[in-house]
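This report is for a reader meeting the structure for the first time. It describes the surroundings of the ligands and one strand with its partners.

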Amino acid sequence: METVSFVQFSRRLSTMGVTLRREHLETLQVNLGKVCNQTCTHCHVGAGPNRTEAMSLETVDHVLDFLADSAARTLDITGGAPELNPHFRYLVEAARKLNRKVMVRTNLTVIFEQGQGFLPGFFRENKVELVASLPCYEAENVDSQRGRGVFEKSIQALKKLNEQGYGDHPELILNLAYNPPGTALPGPQAELEADYRKELEERHGIVFNRLFTLANMPIARFADFLGRNGETDSYMCRLAEAFNPATLANLMCTRLVSVDHQGFLYDCDFNQMLRMRIGGARPLHIKDANDADVLNRRVQVMDHCYGCTAGAGSSCGGALV
Ligand code: SF4
Ligand code: SF4
């Protein structure tokens with residue numbers, strides 16, 4: 001896109017003389033597929049109950065082979081609702097045996113799906129670090145983004161996790177993920193975290209470790225939402241105007257590599273959704289790759305990258321500066 005004030009992200013970087021490269025690998029992020037029990041309006045994956053894409057056991061084994069030889073100390077598992085992949089337990093347990101930290105991005109409500117009640121105890125036994133979506137402490141705001149009744153179920157799930165010790169034990173980390181309603185940009189993370197801590201504790205007796213603030217990415221279902229409302233250009237300009245060069249040093253693509261349910265590699269989960277494979281026309285598959293194949297490569301950027309670099313920045317771990 002190009003408007004009077006809009007500068008393409010790649011051009012912005014080149015005028016600054018900046019090239020993004022992955023100089024070391026800390027995290028392997030695995031997307032187990034698009035199956036989810038929810039259909040949130042802001043979903044950058046386009047996940048839902050009717051999706052069928054799911055990583056096979058063969059590809060899970062390729063992921064584990066890569067991890068065994070990799071310097072990456074963290075396996076970050078996402079989806080969809082990754083817990084609904086039939087090989088989820090196997091992947092978590094095998095990665096723990098490889099002595100890796102395992103993070104799971106959970107929507108919380110999945111633990112009330114049929115056959116998933118084991119999850120809180122399983123997470124505790126494997127010391128899985130959780131990043132749980134909760135875009136507000138008000139029911140109305142959560143339900144309007146994530147579906148009717150999601151807030152109440154999320155609160156019940158958080159209580160179950162607290163009962164397991166999550167949020168109140170050094171090895172049982174429970175972080176929450178916030179994304180703003182509509183086209184707003186996230187407010188200051190520390191202030192919002194303090195509000196969440198007060199409201200969740202006072203109203204529900206819930207404790208947690210950190211709150212991560214994430215901007216809505218102009219991808220998949222949120223891109224459709226912007227298009228339907230005629231807000232694509234104004235949102236992109238808002239992100240571009242808020243561009244903060246200080247975020248560049250901490251972008252997750254400079255230390256993470258992402259793998260899709262078929263085993264192809266990407267610079268991040270967002271590039272994955274846009275099918276911007278590492279290797280382009282000769283895409284790199286995890287079964288053929290090792291750390292050397294993904295290090296010191298130029299990261300592929302496009303205008304959605306303004307979503308990571310606006311304001312205080314945004315990443316899987318929240319604000320960047
Ligand atoms: S945002 Fe998360 S919980 Fe919501 S539909 Fe997408 S993957 Fe599922
Ligand atoms: S979307 Fe964000 S993490 Fe992905 S390549 Fe762009 S700046 Fe990096």
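The model shown here is predicted, and the text below takes the ligands before the strand.

**Ligand surroundings**

Thirteen residues is the count given for ligand 1: of the 13 residues around it, Cys36, Cys40, Cys43, Ala47 and Asn107 come nearest. Ligand 2 has around it Leu251, Met252, Cys253, Asp267, Cys268, Phe270, Asn271, Val299, Val301, His304, Cys305 and Cys308. The table sets out both shells by residue class.

| Shell | Nonpolar | Polar | Charged |
|---|---|---|---|
| Ligand 1 | six residues | seven residues | no residues |
| Ligand 2 | nine residues | two residues | one residue |

The charged residue in the shell of ligand 2 is Asp267, because Asp counts as charged and Asp267 is listed around ligand 2.

**Strand E7**

Strand E7 spans residues 256-259. Is Val257 in this strand buried or exposed? Val257 is buried, and so is Val259 on that side of E7, while Leu256 and Ser258 are buried on the other side. Both faces of E7 are thus covered. In a regular strand, side chains alternate between the two faces of the sheet.

E7 pairs with strand E1 (residues 27-31) through four bridges, and these two strands run parallel. Within E1, Gln29 lies opposite Ser258 of E7. Strand E8 (residues 265-266) is joined to E7 by two bridges in an antiparallel arrangement. Tyr266 of E8 is the residue opposite Ser258. E7 and E8 form a hairpin with five residues between them. In its turn, Gly263 has a positive phi of about 100°.

Definitions and conventions. Residues are numbered from 1 along each chain as its sequence is written. Chains are lettered from A and ligands numbered from 1 in the order in which they are written. This is a predicted model: local features need pLDDT of at least 70, side-chain atom pairs count only at pLDDT 80 or more; totals for chains, interfaces and linings use all residues. A residue is near a molecule or strand if its C-beta atom, placed from the backbone, lies within 6 Å of it. A residue is buried if 20 or more other C-beta atoms lie within 10 Å of its own, exposed if 12 or fewer, and partly exposed in between; C-beta atoms are placed from the backbone. Two strands pair if DSSP finds at least two bridges between them.
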